[in-house]
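Here are a few friendly notes to read alongside the model. Please keep the structure open as you go through the points.

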Amino acid sequence: MKISNILSGTCIVSGIGMGETFVLNEQKVDINDKKHNIPSSKAFKKFNDAINITVTQFKNLINKINNKSNAEIIETYINIAKDVEIENQVKSMITGKTVNLVKIVDDVFNNYYTIFNQSDDKYFKERANDILEVKERIINNLLGISSNSLFENEKGIILCCKQILSSQIVLLNKENIKGIIAESGGKTSHAAIILTSLGIPTIFNVKNVTKKVKNKQIIAIDANKNIIDLTPNKNEWTKKIDNYYKDLKDIQRYVNKPTITKDNIKLKVEANIGNSDESIFAINNGCEGIGLFRTEFLYMDNTHWPTEEEQFLKYKQTLQILKNKLVVIRTLDIGGDKNLSYYEFPKEMNPFLGNRAIRFCLSNKNIFQTQIRALLRASKYGELAIMFPMICTIDEFKNAKLIVDKEIKNLQKLGHVIKKPQIGLMVETPAAAMLIDKFSQIADFVSIGTNDLVQYSFACDRLLESVSYLHQPNNPALLKILKLVIDNNNKNPNFWVGMCGEMASDPLSIPLLVGLGLENFSVSIKKIPYVRKLINNLSKKDCQELVEKALNLSTVDEVNKLVKDFLK
């Protein structure tokens, strides 16, 4: 493959495919065209008519969608289209004898887009695209342009576009799409969330791809390696694709297998989820429990602080789906790089070191108590564990646990049946790791959050590219911290240690973690069978010998080479 024929971007969904390109060319609208001018007396009615058509179109999309999460995303578009503030702003700008209604709508929505896009929070920055999607629909309906160019009858295509919209994705025939390549898009965008659930190989942020490929050109995509081949050798890629699906079929054999090492040591592979709807997906991929339910998305995907009842229903749903499997639900982990549209955090020089996670909850006890009550009310429907994030001191844990104990008594007085949950904490800082012997006496479990633990151990912002070289989970220094924490798993039979960070699914880290004695690996849903296959082909005894060697090395490169040689 010539380098000039290879493109790359940001892998959103892993997978591999080859097919004809379908280059989605957007209809360009000249916003300033004078032919858009209409009498002011007719403008507001025309705007309302376009809103009604848009809302009806979105409702029709919902009727065609089976996936509840995807339907909820379209519901947010309806809420944007019907937003009273937007309506009032449009109305206030209709002045004079004639107006360019298209430009007014464009200006109002662009203003909202700018507010979201300039947010310091990456998640909300990506939500800005939702506003543009609604705007495009409304303008198309003002001008009578069809928004439905969904190429449903095409077969074996690789879609190339500037940006893929969520409302387009939900109508795609998954079987006819071999891959999606877009010039823009974020990993946590609604489009990315839907594509992940569909499993369509996807690469975003591929510069000028709509200009570099022609329609009906044969290209190949390998999202696993972040490669787009513009001149693929058909025989080589056909063989490559066949081998990929053969391996995938082999991986699927591990979905419903137990997690047992070659020397018969029973371990667990659990799932990290962000909402209750992902629970079924986790079960279908063979999870042995939920090791991390990130409740912050209940708050971040909302327009207000979620009520006790709203949260209760979500937690109840997850516990019922998992039945007798343990569900570890992390309390609100907000702040740092995670903000809310309906709450303004005080400006901080170092938000990752500021009033975030459990610190925020303990200083906003009414918000924390609401969540705790919802969790406790849901406890009777399954096996619940409550986990506090970003705990650094014994007092923080005791204060948080005290609130749980008080709410148990309050709810019992009101007649609620409470099934006492396990109470644990995240180990994300060296301070928490150093106190593990004390925590193991008052907590039921800990889960190691390696993403932050690496960040705080090496004093490097994990979102800052210039110091990304310091993200070294396999560094001997970090391995020694992990050993200290995991060793407490063996000292106290009533205490267990899990891991829910990215390290738990890294093939170069898994043998080391098995050797260190980690028993609970919580990973992203699609990685469950891959992690289980690797663990089932390892011997704990061999892994323990590997760890002994690794702990005596000096650099991460030396450790990684050691593991690579071991895996060979």
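1. A disulfide is counted here when a pair of cysteine sulfur atoms lies within 2.5 Å. By that cut-off, this predicted model holds zero disulfides. Take Cys287 as a case: its closest cysteine sulfur belongs to Cys500 and sits 15 Å away, which is too far for a bond. As for setting, Cys287 is buried at a relative accessible area of 4%, and Cys543 is buried too, at 0%.

2. Next, have a look at Val269, which belongs to strand 12 (residues 266–273). Its relative accessible area is 0%, so Val269 is buried. Which residues does Val269 contact, leaving aside its neighbours within four places in sequence? They are Thr259, Gly286, Cys287, Glu288, Phe521, Val523, Ile528, Val531, Arg532 and Ile535. Cys287, from the point above, is thus one of the contacts of Val269. For a sense of distance, Arg137 is 132 residues from Val269 in sequence, and their C-alpha atoms are 43 Å apart in space.

3. Two of the residues in contact with Val269, Glu288 and Arg532, also pair with each other. Their side chains meet in a salt bridge, with 3.0 Å from N to O. Arg532 sits in helix 22 (residues 528–536), while Glu288 is in the loop between helix 10 (278–284) and strand 13 (290–294), so this pair ties together parts that are 244 residues apart in sequence. Are these partners buried or exposed? Arg532 is buried at 0% relative accessibility, and Glu288 is buried at 16%.

4. Salt bridges deserve a wider look, as the structure holds 24 of them. In general, side chains of opposite charge can pair when their charged atoms come close. Another example joins Glu309 to Arg377, whose closest N and O atoms are 3.0 Å apart. This pair links distant parts of the chain, with Glu309 in helix 12 and Arg377 in helix 14 (residues 365–378), 68 residues apart. Glu309 is partly exposed, at 40% relative accessibility, whereas Arg377 is buried, at 14%.

5. Some salt bridges are worth following from one partner to the next. Asp333 and Arg330 form one, their closest N and O atoms being 3.5 Å apart. Salt bridges with shared partners connect these two residues with Glu296, Arg356 and Asp452 in one network. Asp333 counts as buried at 2% relative accessibility, and Arg330 counts as buried at 5%.

6. Finally, come back to helix 12, the home of Glu309. Helix 12 covers residues 308–322, which makes 15 residues. From first C-alpha to last, helix 12 reaches 21 Å, close to the 21 Å expected at 1.5 Å a residue. Which residues of helix 12 are buried? They are Gln311, Phe312, Tyr315, Thr318, Leu319 and Leu322. Viewed down the helix axis, the buried residues fall within an arc of 135°, so they line one face of helix 12. Just after the helix comes Lys323, with a positive phi of about 55°.

Methods. Residues numbered from 1 in each chain as written. Predicted model: local features only at pLDDT ≥ 70, side-chain atom pairs only at ≥ 80, totals over all residues. Heavy atoms only, no water. Buried < 20%, exposed > 50% of the residue type's maximum accessible area, 1.4 Å probe, protein only. Helix = DSSP H or I, 4+ residues; strand = E, 2+ residues; numbered from the N terminus. Expected span 1.5 Å × (residues − 1). Arc of directions from axis to C-beta. Salt bridge = Lys/Arg side-chain N within 4 Å of Asp/Glu carboxyl O. Contact = heavy atoms within 4.5 Å.
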